[in-house]
Amino acid sequence: MLSLVIPSTPLVDQDFSRLSPYSPRDHYSLHDLVKDIKAYLGSDSGINSSTIDEAYLQGLLRKYMSNPNDWFRYFYNDYSKNYTRNTIENINHKANILLLVWNPGKGSPIHDHANAHCIMKVLAGELTETVYHSPEESSGKEKPLVVKSETRHGINDVTYISDDIGLHRVHNPSTNQIAVSLHLYTPPNAADYGYHIFDANTGKASFVSQARSFLRCDEGKEK
Ligand SMILES: N[C@@H](CS(=O)O)C(=O)O
Ligand SMILES: [Fe+2]
C-alpha cells in the first residue's frame, strides 16, 4: 500500500499496490521519457503538427511503465475540480507534458485538441474515453454529436487522438478511486492559443482561450 501524501492537499489514501514502488536500475523513467521526447522534437523553435510521427511518440509512452516514484512530485489534486492539470514539462512551442489527476466519477467536457496531437497514458486507475465525430461545420444546423467509440483504458494503456479522429471526453468511471494520466500535446496549441468545448445535444462549440495547468513550484496557482 502506497499512500500519496501531498503537502497542502488532503491525504490521498489510495492503494497503488499494483504498481511497484521501487525503481529497478534499468527502469525507463519518466525523466528518460521526457528526454527522449525532447530529443525527438529537436532543438529548432516551432514545429508543425504534420511533421510529427505520432506513432513514434506513442511508442515512447508505451515503453514507459507507470511508477508513482517518478510522477508523484507533480501530483496535485484540487478536489473542487473534475480534474487537475499539472505541468510536468513545457517544451517551448513544441509540446507540453502534463500529469492529470481525475476525481472519482468526474471527467472533461467534450473538446477538440486545437489541431495538435494528444497522446494519453493511464498511470493509475482507469479512464473511459468517449470519442465523437466532429460536427459538420458547413451545415450550420444544431445536431446532437454522434458517438464514434467508447473505450475503457487501464493502467499503462496508451491512446491517441487528434482533430482528424474527432472530439472526445474522458472520465474516471470509479466511484471512489482517483485516476492519474500522462498527456503529451504537440504542438502545445491548446495552452498557447486555446481550444473548443462542445455541447453534446447541439454540437455547438464554445472557445476556451487557454488550457491552464498547475506548476508544482507555484503550488495552488494555475498557470
Ligand atoms: N485534453 C484534456 C484532457 S482529456 O480529456 O484528454 C486536457 O488537456 O484538459
Ligand atoms: Fe483531451
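In which sense do strand β1 and β12 pair, and over how many bridges? They pair in the parallel sense, over two bridges. The legends below visit this spot and several others in a predicted model.

**Figure 1. Welcome to the protein as a whole.** The secondary structure comes to four helices and twelve strands. The protein has 223 residues, and buried residues make up 35% of them. Contacts reach far along the chain: among those between residues at least 6 apart in sequence, 74% join residues at least 24 apart.

**Figure 2. Here is an open sheet of six strands, in the order β7-β4-β9-β2-β1-β12.** Pairing within this sheet is mixed. The edge places belong to β7 (158–161) and β12 (214–215); each has a single partner strand, so one side of each is left without a neighbour in the sheet. As general background, strands of a sheet pair through backbone hydrogen bonds, either parallel or antiparallel.

**Figure 3. This view moves in on strand β1 and its two partners, β12 and β2.** β1 covers residues 83–91 and pairs with β12 in the parallel sense. Look for Thr-87, whose bridge partner in β12 is Leu-215, and for Asn-86, which stands opposite Phe-214 of β12. With β2 the direction changes: β1 and β2 run antiparallel and are joined by eight bridges. Thr-84, for example, stands opposite Val-101 in β2. β1 and β2 form a hairpin with three residues between them. One residue to find in the turn is His-93, which has a positive phi of about 60°.

**Figure 4. Helix α2 lies across three strands of the sheet.** The helix takes in residues 54–63, and the strands it lies across are β4 (117–124), β7 and β9 (179–186). Relative to β4, α2 runs at about 10°.

**Figure 5. Step inside the largest nonpolar core, a set of 42 residues.** Leu-99, Val-101, Val-180 and Leu-184 touch the most other members. At least two residues each come from α1 (30–41), α2, β1, β2 (95–102), β4, β9 and α4 (189–193). β2 gives the most to this core, with seven residues. In soluble globular proteins, nonpolar side chains tend to be buried together. Which residues does Leu-184 contact, leaving aside its neighbours within four places in sequence? They are Ile-37, Leu-57, Leu-61, Ala-95, Ile-97 and Ile-119. Elsewhere there is a second, separate core of five residues, including Ile-110, Tyr-132, Leu-145 and Phe-198.

**Figure 6. Eight residues can be picked out around ligand 1, and their names are listed here.** They are Arg-85, Leu-100, Ser-108, Cys-118, Met-120, Val-170, His-183 and Ala-211. By type, this shell divides into five nonpolar residues, two polar and one charged.

**Figure 7. Strand β5 (residues 127–132) pairs with β6 and also with β8.** The pairing with β6 is antiparallel and spans six bridges. In this pair, Leu-127 stands opposite His-153 of β6. β5 and β8 are antiparallel too, over five bridges. Here Thr-128 stands opposite His-171 of β8.

**Figure 8. Two residues that are not glycine have a positive phi: Ala-114 and Asn-156.** Phi is about 50° for Ala-114, which lies in the loop between β3 (110–111) and β4. Is Ala-114 buried or exposed? Ala-114 counts as buried because it has 22 C-beta neighbours inside 10 Å, and 20 or more are needed for that class. For Asn-156, phi is about 75°, and the residue lies in the loop between β6 (147–153) and β7. Asn-156 is partly exposed, because 15 other C-beta atoms lie within 10 Å.

**Figure 9. A cis peptide bond leads from Thr-186 to Pro-187.** Its omega is near -10°. Pro-187 has its place in the loop between β9 and α4.

**Figure 10. The last stop is Asp-164, in the loop between β7 and β8 (167–171).** Why does Asp-164 count as exposed? The reason is that it has 10 other C-beta atoms within 10 Å, and a residue is exposed if that number is 12 or fewer. Asp-164 and Tyr-193 are 29 residues apart in sequence, and their C-alpha atoms are 18 Å apart in space.

Terms used: Residues are numbered from 1 along each chain as its sequence is written. Chains are lettered from A and ligands numbered from 1 in the order in which they are written. This is a predicted model: local features need pLDDT of at least 70, side-chain atom pairs count only at pLDDT 80 or more; totals for chains, interfaces and linings use all residues. Two strands pair if DSSP finds at least two bridges between them. Two residues are in contact if their C-beta atoms, placed from the backbone, lie within 7 Å. Axes are lines fitted to C-alpha atoms, for helices over the stretch in contact, and angles run from 0 to 180 degrees between N-to-C directions. A residue is near a molecule or strand if its C-beta atom, placed from the backbone, lies within 6 Å of it. Ala, Val, Leu, Ile, Met, Phe, Trp, Tyr, Cys and Pro count as nonpolar, Asp, Glu, Lys and Arg as charged, and the others, Gly among them, as polar. A nonpolar core is a set of buried Ala, Val, Leu, Ile, Met, Phe, Trp, Tyr and Cys residues joined through C-beta atoms within 7 Å.
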